[in-house]
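Biologist: I should like to go through this model with you, beginning with its charged side chains. Please give the reasoning behind each answer.

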Amino acid sequence: MKLWIITISFITGFSMLIFVELSGGLSAGRFHPIDQKVIDFVQTYSSPFLDSIMIFITTMGSKWVIGILLIGCMSLFLLVQRNYWGTLISFLTVAGGGILNLLLKGLFERERPDINRIIHADGFSFPSGHSMGSMIFYGFLGYLVIRSRKWPILSKLGWISLLSMVIFLIGISRVYLGVHYPTDVLAGFSAGIIWLIICISILEFIDWAKRKRKFERRLEDQNREKGQETFK
């Protein structure tokens with residue numbers, strides 16, 4: 001338990017430091033030269049074939065795809081595992097992350113880049129909604145994989161690697177398609193990690209409380225049985 005607290009505290013603190021640094025540099029334009037260099041580098045690989053691939057990848061981070069996958073995830077919790085708290089927390093994790101992203105966009109009001117834009121995108125740019133949403137949802141799936149007791153370690157490592165690659169490529173696709181600055185993507189990842197850890201911690205606390213109640217109930221039953229045997 002202590003190792004868990006230390007780990008999440010470090011990750012949360014580091015992610016928050018990155019987000020604060022990025023958001024603080026917006027008004028001063030401190031990261032604009034870096035943004036421009038990364039955009040130029042990524043878009044040097046532009047081609048019609050890669051355009052279609054990146055459009056497909058970025059769709060994996062859209063609210064429609066994540067919404068459909070979320071319904072499947074909630075159905076698994078509810079119908080197969082009968083985990084009502086898991087169902088509720090998975091919904092609040094994704095839905096709450098979407099609301100938080102809209103609030104942050106409205107707070108910073110950063111206009112989207114207008115450099116070789118390949119697809120259309122509305123709204124403000126900072127932080128990237130696709131990057132934040134993919135980190136939250138696919139990160140939550142990664143958490144479920146790690147928590148599973150049915151899969152061997154190698155299978156878990158394979159799924160974690162795949163989910164991490166999906167998250168990373170979605171972020172790259174937003175820069176490639178010209179709808180986000182690299183700092184938007186990095187800020188989206190950072191904010192997504194923070195929100196994800198908060199929601200996972202809540203779910204872990206609920207699970208711990210349930211296990212504690214079961215243990216106390218079992219202990220009471222054992223004490224009651226011992227008392228009855230003594231009385232006999």
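Biologist: Which side chain meets that of R110 in a salt bridge of 2.7 Å, N to O?

Modeller: This is a predicted model, in which local features need pLDDT of at least 70 and side-chain atom pairs count only at pLDDT 80 or more, while totals for chains, interfaces and linings use all residues. Residues are numbered from 1 along each chain as its sequence is written, and side-chain values use heavy atoms, with hydrogens and water left out. A salt bridge here is a side-chain nitrogen of Lys or Arg within 4 Å of a carboxyl oxygen of Asp or Glu. At 2.7 Å, N to O, the partner of R110 is D184.

Biologist: Where in the chain do R110 and D184 lie, and how many residues apart are they?

Modeller: Helices are DSSP runs of H or I with at least four residues, numbered from the N terminus. R110 is in the loop between α5 and α6, whereas D184 belongs to helix α8, and the pair links distant parts of the chain. Their separation in sequence is 74 residues.

Biologist: Are D35 and R110 buried or exposed?

Modeller: D35 and R110 also meet through their side chains in a salt bridge, at 3.1 Å, N to O. D35 lies in helix α2 (residues 32–43) and R110 in the loop between α5 (84–108) and α6 (129–147), so the pair ties together parts that are 75 residues apart in sequence. Taking buried as under 20% relative accessible area, exposed as over 50% and partly exposed as in between (1.4 Å probe, protein chains only), D35 and R110 are both buried.

Biologist: Which residue forms a salt bridge with E204?

Modeller: The closest N and O atoms of this pair are 3.3 Å apart. E204 is in helix α8 and its partner in helix α6, 57 residues away. E204 counts as buried because its relative accessibility is 18%, while the partner, at 38%, counts as partly exposed. The partner is R147.

Biologist: Which residues do shared partners join into one network of salt bridges?

Modeller: By the rule given above, the count comes to three salt bridges. R110 meets D35 in one and D184 in another. The network therefore consists of D35, R110 and D184.

Biologist: Which peptide bond is cis?

Modeller: Most residues other than glycine have a negative phi, and most peptide bonds are trans. In the loop between α5 and α6, where P127 is placed, one bond has omega near -5 degrees. The cis bond runs from F126 to P127.

Biologist: What is the phi of E109?

Modeller: E109 lies in the loop between α5 and α6. E109 counts as partly exposed because its relative accessibility is 48%. Its phi is positive although the residue is not glycine, with a value near 50 degrees.

Biologist: How far apart are the end C-alpha atoms of helix α7?

Modeller: The expected span is 1.5 Å times one less than the number of residues. Helix α7 (residues 153–176) has 24 residues and so should span 34 Å. The model agrees, with its end C-alpha atoms separated by 34 Å.

Biologist: Which residue with a positive phi follows α7?

Modeller: The buried residues of α7 include L163, I167 and I170, together with Y176. After the helix comes a residue whose phi is near 80 degrees. That residue is G178.

How values were computed: Helix = DSSP H or I, 4+ residues; strand = E, 2+ residues; numbered from the N terminus.
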